[in-house]
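Trainee: Got a minute to go through a structure with me? I want to know what to look at before I get lost in it.
Mentor: Sure, put it up.

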Amino acid sequence: MRFLLLAALLIPLAAPAQTAEETFGESIDVRVVNVEAVVTDGRGERVRGLTAGDFRLLVDGVEVPVDYFTEVADGVARPAPQSGEESVPAPPAPTAAGPVGRSLLVFIDESLSIAAQRDVVLKEIERDLDRLGPEDRMAVVAFDGGRLQRLADWTSDHRTLLKAFAEARSRPAQGILTLAERRSAFGDKQLGQDDDLDFYSSEFRPYDRFEYEDVQPQQYSRLVRVVEAAAAALRSFSLPPGRKAMLVLSGGWPLTRPVARLVQDANRLGYTLYPVDVPGIDIAQTVGDVRAERPMDGPARVLTSPWEQASHHTLHLLAAATGGREAINSNRLAALERADEDTRSYYWLGFSPAWKANDRHHRVELKVRRPGLDVRARSGFSDLSPATLAEMETEGLLAFGTGDKGDKGDKGDRQPGEDHMQVEMGEPRQAGWRMVEVPVTLVLPAAIAGGTAGTAGGEDTELVLSVGSLDRFGGRSELPQIHFKVSPSGGAQVRSEVTVRLRKAEQRLVFHVRDPRTGKQLVEEVSYQPGK
């Protein structure tokens, strides 16, 4: 497992009017970074009618010009208003005036959610589906603690979405296990103690003192897996146009450190996160929880436990780092409504930095010149390299599976085609403590080498191999990318041998080969079992 410090990032997105080729090395590419912003006044009311001149945009502390600007109101992009100064022309709009579509990805945490609580939230989302217009799309994905399940791909069809939510409500959920573990842990702490507990016992800390020892190891492991799955869901869906948002139906995520990857990938891919507090008021209340919530210098807080407070804090961080809003307690029943308000009316700004594809992160600050106004927007962007983009896609494929699993027969007998390859695993060699080196033969279709059957010779083609690894406990391996060359052989296939270094553990592997020049990709999934 790797744990990243929580970082607020912003993802670069090409504006519809701007396209660019992927760049490598130190070459510089110019694309547009989009910043969607919601502006409110002191009463929380939305402020409309602002111009580009009302905003200050700073990148790494340096003010930069706003190259593109428009206001989207009720799902319609308006013509850019003039700045009010004749000598300063208004920047062009990043899209033509008219309807602007949205794409809403719904992620359902089944691993930590209780089914009855999850279903209440899902039914409210179903009731609000009429808020989606003809230009809008939604996709639905669920995670059961082991695998991601795509319940609906991007669609505007309400019948398809209703069917997906009905299926989601019929699926089991494991949150009751976490609840039982929490109650058991509380009971263990109290064994042998006096029944007359200290009213201000430090055994039960509020969220600002909630520590990792307050979470059982198995709970922590499930939390890491579910957050990784949410990030993988973002990476696995094709990137749609327009405004992108993710409804994150969380069963309770009381620790902030594991969510860093989700924040990072959401900003990289241009998604605004709208986390949803599925449990609502914590039903796992204990005497000790309530007692811990009475401050020494004030009244007790309203029936909430340190676990719940910590979970709310995590959801707030997810929203704040990506420009969204969390839906806590009773607001969870208006989750889609709140996301709808944000993604239908906002300001759309764009600027054009120099891109070097070096994976550097840059801090973005958006300020409003008028006093008394608040702005919500993302706070950074990442200059992604092709290697990082390929790794993200590989990990997403690993989480969902390649869609070519055991129900299609013995994959070992399958011949490579235009869109897939064959992977032959050799005998492993010991390579250190609990590590092995495995020779792997990739059997690729001739087309990937730039040739056809019966045509030999020609120039070599350099390909890039990314390998994703996931064991049955959710553990991942950091595997470096491998560059290798293939030549047209005259046959229908070309073969190439590489060596991968793996943990000596049962695991699933996704082999992802891509041609950086043409964008062609091949994917195959295999299971690796030591000693077999």
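Mentor: One term before we start: two strands pair if DSSP finds at least two bridges between them. Also bear in mind that this is a predicted model.
Trainee: OK. In S10, which residue is the bridge partner of Val141?
Mentor: Arg150 is the partner of Val141. Strand S9 (residues 137–143) and S10 pair in the antiparallel sense over 5 bridges.
Trainee: What sheet is that part of, and what is the strand order?
Mentor: An open sheet of 5 strands, in the order S10-S9-S8-S11-S12, with mixed pairing. Strand S10 (148–155) and strand S12 (271–277) are its edge strands, each pairing on one side only. On average, neighbouring strands in this sheet are turned by 15 degrees against each other, direction ignored.
Trainee: Which strands does helix H1 touch there?
Mentor: Helix H1 (residues 115–127) packs on the sheet and touches strand S8 (102–109), strand S11 (243–250) and S12. Its direction makes about 150 degrees with that of S11. Helix H5 (residues 260–269) packs on the sheet too, touching S11 and S12, and its direction makes about 140 degrees with that of S12.
Trainee: Back to Arg150. Which ring does its charged end sit over?
Mentor: The ring of Phe237, with the charged end 4.3 Å from the ring centre. Arg243 lies over the face of Tyr346, at 4.5 Å from the centre of that ring.
Trainee: And ring on ring? How many aromatic pairs are there?
Mentor: The count is 5 aromatic pairs. One of them is Phe69 with Tyr347: the ring centres are 6.0 Å apart and the planes are at 20 degrees, so this pair is stacked.
Trainee: Why does that pair tie together parts 278 residues apart in sequence?
Mentor: Because Phe69 lies in strand S5 (residues 68–73), while Tyr347 lies in strand S13 (residues 346–351).
Trainee: Are those two buried or exposed?
Mentor: Phe69 is buried, and Tyr347 is as well. Together with Phe55, they form one aromatic cluster.
Trainee: Where do S5 and S13 fit in the order of their sheet?
Mentor: They belong to an open sheet of 6 strands with antiparallel pairing, in the order S7-S6-S5-S13-S2-S16. The edge strands are strand S7 (98–99) and strand S16 (374–376), and each pairs on one side only.
Trainee: How many bridges join S5 to S6?
Mentor: 2 bridges, and S5 and strand S6 (residues 76–77) run antiparallel. Val72 has Ala77 in S6 as its bridge partner.
Trainee: Which helix lies across S2, S5, S13 and S16?
Mentor: Helix H8 (residues 335–344), running at about 50 degrees to S13.
Trainee: I also marked Val39. Which strand is it in?
Mentor: Val39 is in strand S2 (residues 33–40). At 3% relative accessibility, it counts as buried because the cut-off is under 20%.
Trainee: What does Val39 touch?
Mentor: Leaving out residues up to four places away in sequence, its contacts include Phe55 and Tyr347, which you met in the aromatic cluster. Among the others are Glu45, Leu50, Val368 and Asp374. Val39 and Ala377 are 338 residues apart in sequence, but their C-alpha atoms are 9.0 Å apart in space.
Trainee: Different topic: helix H7. What is its reach?
Mentor: Helix H7 (residues 306–322) has 17 residues and reaches 25 Å from first C-alpha to last, close to the 24 Å expected. The helix is mostly covered, with 13 of its 17 residues buried. Just after H7, Gly323 takes a positive phi of about 90 degrees.
Trainee: And strand S23, which residues make up the covered face?
Mentor: In strand S23 (residues 493–503), Val494, Ser496, Val498, Val500 and Leu502 form the covered face. The uncovered face has Gln493, Arg495, Glu497, Thr499, Arg501 and Arg503. S23 pairs with strand S20 (residues 435–445) in the antiparallel sense over 11 bridges. Val438 stands opposite Val500.
Trainee: Last one, the overall numbers. How many helices and strands?
Mentor: The protein chain has 9 helices and 25 strands. Of its 532 residues, 53% are buried. Among contacts with a separation of 6 or more, 75% are between residues 24 or more positions apart.

Methods
Residues numbered from 1 in each chain as written. Predicted model: local features only at pLDDT ≥ 70, side-chain atom pairs only at ≥ 80, totals over all residues. Heavy atoms only, no water. Phe/Tyr/Trp six-rings, centres within 6.5 Å; stacked < 30°, edge-to-face > 60°. Helix = DSSP H or I, 4+ residues; strand = E, 2+ residues; numbered from the N terminus. Buried < 20%, exposed > 50% of the residue type's maximum accessible area, 1.4 Å probe, protein only. Lys NZ or Arg CZ within 6 Å of the ring centre and 35° of its normal. Contact = heavy atoms within 4.5 Å. Expected span 1.5 Å × (residues − 1). Axes fitted to C-alpha atoms, helices over the stretch in contact; angles between N-to-C directions.
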